[in-house]
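Here is a briefing on side-chain contacts. Look over the sequence and the structure before reading on.

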Amino acid sequence: MTGPGGPHSFAPVTFPSPGEEAYGTSSYTGDVAALPNCSYEVRLTAELKLTDGESQHDGIWDRVLFCK
């Protein structure tokens, strides 16, 4: 997450048994109340372990913008 005082971090997504429908959650590791009033950007990325035998599938990404 980028913004004043950053970069800020999140706990990594972990899951006990990766598989066909693996998923997980993550939480901000800092104190949200301590963040200054400003705008922030959270970038989310995932690497896909898929292949067609010729090439690796592109990863996916998204971003969330918000103001505090």
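The notes below cover salt bridges first, then aromatic pairs.

This is a predicted model. Its structure holds two salt bridges. A search of the whole structure also finds two aromatic pairs.

**Salt bridges**

- Side chains of opposite charge can pair when their charged atoms come close.
- Glu-41 forms a salt bridge with Arg-63, and the closest N and O atoms are 3.1 Å apart.
- This pair links distant parts of the chain. Glu-41 sits in strand 1 (residues 39-46), while Arg-63 sits in strand 2 (residues 60-67). The two residues are 22 residues apart.
- Glu-41 also meets Arg-43 in a salt bridge between their side chains, at 3.3 Å from N to O.
- Together, Glu-41, Arg-43 and Arg-63 are linked in a network of salt bridges.

**Accessibility in the network**

- Glu-41 has a relative accessible area of 11%. It counts as buried because that value is under 20%.
- Arg-43 has 61% relative accessibility. It counts as exposed because that value is over 50%.
- Arg-63 is partly exposed, with a relative accessible area of 46%.
- The network therefore joins a buried Glu-41 to an exposed Arg-43 and a partly exposed Arg-63.

**Aromatic pairs: the search and the tilted pair**

- The search of the whole structure gives two aromatic pairs. In one of them, the ring centres of Phe-10 and Tyr-28 are 5.5 Å apart. Their planes stand at 55°, so this pair is tilted.
- Phe-10 and Tyr-28 each lie in the segment before strand 1. They are 18 residues apart in sequence, so the pair ties together parts separated by that span.
- Phe-10 is partly exposed, at 34% relative accessibility.

**Aromatic pairs: the stacked pair**

- Tyr-40 and Phe-66 form a stacked aromatic pair. The distance is 5.5 Å centre to centre, with 20° between the planes.
- Tyr-40 lies in strand 1 and Phe-66 in strand 2, so the pair ties together parts that are 26 residues apart in sequence.
- Tyr-40 is buried, at 3% relative accessibility.
- Phe-66 is partly exposed, at 29% relative accessibility.

**Strand 1 and strand 2**

- Which contacts link these two strands? One is the salt bridge pair of Glu-41 in strand 1 and Arg-63 in strand 2. Another is the aromatic pair of Tyr-40 in strand 1 and Phe-66 in strand 2.
- On the strand 1 side, Glu-41 is buried and Tyr-40 is buried.
- On the strand 2 side, Arg-63 is partly exposed and Phe-66 is partly exposed.

Technical notes. Residues are numbered from 1 along each chain as its sequence is written. This is a predicted model: local features need pLDDT of at least 70, side-chain atom pairs count only at pLDDT 80 or more; totals for chains, interfaces and linings use all residues. Side-chain values use heavy atoms; hydrogens and water are left out. A salt bridge is a side-chain nitrogen of Lys or Arg within 4 Å of a carboxyl oxygen of Asp or Glu. Buried means under 20% relative accessible area, exposed over 50%, partly exposed in between (1.4 Å probe, protein chains only). Helices (H or I, at least four residues) and strands (E, at least two) are DSSP runs, numbered from the N terminus. Rings of Phe, Tyr and Trp (its six-membered ring) pair if their centres lie within 6.5 Å; planes under 30 degrees apart count as stacked, over 60 as edge-to-face and the rest as tilted.
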